[in-house]
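The following exercises concern burial, helix geometry and charge pairing. Each task is followed by a solution in steps.

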Amino acid sequence: ALRRGRGAIIWCDQFTAQTIIGKRALHEAGLEAHQVSVNFHGFSDTEFGLRFLNRPLIAVENRFLKSRVIFERGDAYQVTVRMQRMLRENGIVLMTNTTHAGTTFTEVDMGQSGWTQLASAPANFAARGGTALFAMSTFETVPFREYRAVVSPELVPAAMPASAATGDMAAKNLEVQARYILLKRDRLLEAMKLHPEQMMVW
């Protein structure tokens, strides 16, 4: 995917092992990635937590990252600009699907009667800029000993039928974004069926 020169986004699920083990797995595979991270990432968003609890975790994570892009909701534009620059430089960007992963979200049906929210930003970058998009889940298979990191094949939406073609580029982009989001939803559902107990967002 990187041969196309438009970078890649790895859209990570919020399983318990993703925070450190997922990043380590990518690092050991030779992938240097930039992590988009909320400014209070870690165990606690209190002043004490930010100063004393979160820093050790972040220090460990940073060993496996090329850089960390700190996201604040009031600073979405600047983060978007930095991500665009990284992707133009053919970089790899990690985005974890949490409630802090952006400013806009898409709500989609999941399973028979459930639903979930997925951040719109990864799908937007893929639809507008041709960035390669992948899904990632990391599982603990033997407690504290063995883990499995799974990166999907590239998420590629099926081509729209000619009958659905429109001259409205904004409508086209929304259609493509929706197709990316549904592909990600399907991958997330598969992963949750494997290890529902390890999902952090129940």
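**Exercise 1.** Is Asp186 buried, partly exposed or exposed, by relative accessibility?

*Solution.* The model is predicted, and the values below are computed from it. Step one: the relative accessibility of Asp186 is 34%. Step two: buried means under 20% and exposed over 50%. Asp186 therefore counts as partly exposed. Step three: Asp186 forms a salt bridge with Arg185, with 2.7 Å between the closest N and O atoms. Arg185 is buried, because its relative accessible area is 16%.

**Exercise 2.** Determine whether the span of H3 agrees with its number of residues, and on which side its buried residues lie.

*Solution.* Step one: H3 has 13 residues, and at 1.5 Å a residue the expected span is 18 Å. The end C-alpha atoms are 18 Å apart, which agrees. Step two: the buried residues in H3 are Val79, Met83, Met86 and Leu87. These residues cover an arc of only 95° around the axis, so they lie on the same side of H3. The general background is that an α-helix has 3.6 residues a turn, so residues three or four places apart point the same way. Step three: Tyr77 and Arg88, on the other side of H3, are exposed. Step four: the packing partners of the buried residues are S1, strand S2 (33-38), S3, S4 and H4.

**Exercise 3.** Which residues have the most contacts inside the largest nonpolar core?

*Solution.* Step one: this core has 29 residues, and Ile9, Val36, Met83, Val93, Leu133 and Tyr180 have the most contacts inside it. Step two: among the elements that give two or more residues to the core are strand S1 (8-12), helix H3 (76-88) and helix H5 (169-194). H5 gives the most, with five residues. Step three: leaving aside neighbours within four places in sequence, Met83 is in contact with Ile9, Val36, Val93, Met95 and Phe125.

**Exercise 4.** Which parts of the chain does the salt bridge between Lys184 and Asp13 tie together?

*Solution.* Step one: the closest N and O atoms of Lys184 and Asp13 are 2.5 Å apart. Step two: Lys184 lies in helix H5 and Asp13 in the loop between S1 and helix H1 (18-28), so the pair ties together parts 171 residues apart in sequence. Step three: both Lys184 and Asp13 are buried. In another salt bridge, Arg4 pairs with Glu154 (2.7 Å, N to O). Arg4 counts as partly exposed because its relative accessibility is 47%, and Glu154 counts as partly exposed at 26%.

Definitions and conventions
Residues are numbered from 1 along each chain as its sequence is written. This is a predicted model: local features need pLDDT of at least 70, side-chain atom pairs count only at pLDDT 80 or more; totals for chains, interfaces and linings use all residues. Side-chain values use heavy atoms; hydrogens and water are left out. A nonpolar core is a set of buried Ala, Val, Leu, Ile, Met, Phe, Trp, Tyr and Cys residues joined through side-chain atoms within 4.5 Å. Buried means under 20% relative accessible area, exposed over 50%, partly exposed in between (1.4 Å probe, protein chains only). Helices (H or I, at least four residues) and strands (E, at least two) are DSSP runs, numbered from the N terminus. Contact means heavy atoms within 4.5 Å. The expected span of a helix is 1.5 Å times one less than its number of residues. The arc is that of the directions from the helix axis to the C-beta atoms. A salt bridge is a side-chain nitrogen of Lys or Arg within 4 Å of a carboxyl oxygen of Asp or Glu.
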